[in-house]
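Biologist: I would like a close look at a single part of this predicted model, explained slowly enough for a first-year student to follow. Please take one sheet and work outward from there.

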Amino acid sequence: MKTTYGGTSKLIFTLLPLLLSSACGYFDTDGLKSQKQVIGNIYLQEYRNSDEIYLVHDGGDGMYSIEADCHSVYYDSIENRIYVESLINEWNTSYYSFILKNPASRKVWEALEKHEVVEATFKKRITSRSCFQIELTLNEL
């Protein structure tokens, strides 16, 4: 008795590329909408189909690591820090201080160091004369 898999295999080989391409995000429209350099390899990025803006580190070859979801961003050039207010939801907010060790580095652990700070510390730091707010309106790519 001879078993043939011709019909089944043709169906699998026809559907397999379609399944793989959709599973890998081929048809997604979530590409990069806009980007703004903060310093070195540290950027603010906004993606299509999203209102969120992220502080990211560029590791090269199109690889970005998201460090924080940003509601407001401040840069202190003298202290060499970035301060981020991140809204978790309408009731919870997190505050971060990023120490810029070597922002030009492609390795995130060499570029910056992330620390969560309390609201009072955040507000005190962003009122420093050397600290300025970075506008979150980004330029379209």
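Biologist: Which strands form the open sheet, in what order do they stand, and is the pairing parallel or antiparallel?

Modeller: Bearing in mind that this is a predicted model, the open sheet is formed by four strands that stand in the order E1-E2-E3-E4, and their pairing is antiparallel. The edges are taken by strand E1, residues 32-39, and by E4, each of which pairs on one side only. From one strand to the next, the twist averages 30°.

Let us look closely at E3, which covers residues 53-58. With E2, residues 42-47, E3 pairs in the antiparallel sense over five bridges, and one bridge joins Tyr 43 to its partner Val 56 in E3. With E4, residues 64-70, E3 again pairs in the antiparallel sense, here over six bridges. Along this second pairing, Tyr 54 stands opposite Asp 69 in E4, while Asp 58 stands opposite Tyr 64 in E4.

The surroundings of E3 can be read from its burial. Six of the six residues of E3 are buried, so this strand is largely enclosed by the rest of the structure. Both faces are covered, since Ile 53, Leu 55 and His 57 are buried on one side, and Tyr 54, Val 56 and Asp 58 are buried on the other.

The turns at the two ends of E3 deserve the same care, and a general point about the backbone helps here. Most residues other than glycine have a negative phi. In the hairpin of E2 and E3, which has five residues between the strands, Asn 49 takes a positive phi near 60°, although Asn 49 is not a glycine. Asn 49 counts as exposed because its relative accessible area is 63%, and the cut-off for exposed is over 50%. The hairpin of E3 and E4 also has five residues between the strands, and there Gly 60 takes a positive phi near 95°. In the loop between E3 and E4 we also find Asp 61, which has a positive phi of about 55° although it is not a glycine. Asp 61 is exposed, with a relative accessible area of 83%.

From the strand we can move to the nonpolar residues packed around it. The largest nonpolar core has 18 residues, and those that touch the most other members are Leu 44, Leu 55, Val 73, Ile 82, Val 84 and Phe 98. At least two residues of this core are supplied by each of E2, E3, E4, E5, E6 and strand E7, residues 93-100. The largest share, three residues, comes from E7. Apart from this core lies another, of seven residues, among them Tyr 74, Tyr 83, Tyr 95 and Ile 126. Returning to Phe 98, we find that its contacts, not counting residues up to four places away in sequence, include Leu 55, Ile 82 and Val 84, and also Glu 67, Ala 68 and Leu 112.

Two cysteines bring in another question, that of cross-links. A disulfide is a covalent bond between the sulfur atoms of two cysteines. A search of the whole structure finds zero disulfides. Cys 70 is buried, with a relative accessible area of 9%, and Cys 131 is likewise buried, with a relative accessible area of 10%.

Finally, we can follow the chain to a place where two loops meet. Ile 78 is found in the loop between strand E5, residues 72-76, and strand E6, residues 81-87, whereas Ser 130 is found in the loop between helix H3, residues 119-126, and strand E9, residues 131-134. Although Ile 78 and Ser 130 are 52 residues apart along the chain, their C-alpha atoms are separated by 6.1 Å. Ile 78 is exposed, with a relative accessible area of 68%, but Ser 130 counts as buried because its relative accessibility is 15%, and the cut-off for buried is under 20%. Not counting residues up to four places away in sequence, Ser 130 touches Tyr 75, Asp 76, Ser 77 and Ile 78. With Asp 76, the side chain of Ser 130 makes a polar contact, side chain to side chain, at 2.6 Å.

Conventions. Residues numbered from 1 in each chain as written. Predicted model: local features only at pLDDT ≥ 70, side-chain atom pairs only at ≥ 80, totals over all residues. Heavy atoms only, no water. Buried < 20%, exposed > 50% of the residue type's maximum accessible area, 1.4 Å probe, protein only. Polar contact = N/O pair within 3.5 Å; in protein donor to acceptor, adjacent residues only side chain to side chain. Contact = heavy atoms within 4.5 Å. Core = buried A, V, L, I, M, F, W, Y, C linked by side-chain atoms within 4.5 Å. Pairing = 2+ DSSP bridges. Axes fitted to C-alpha atoms, helices over the stretch in contact; angles between N-to-C directions. Disulfide = S-S within 2.5 Å.
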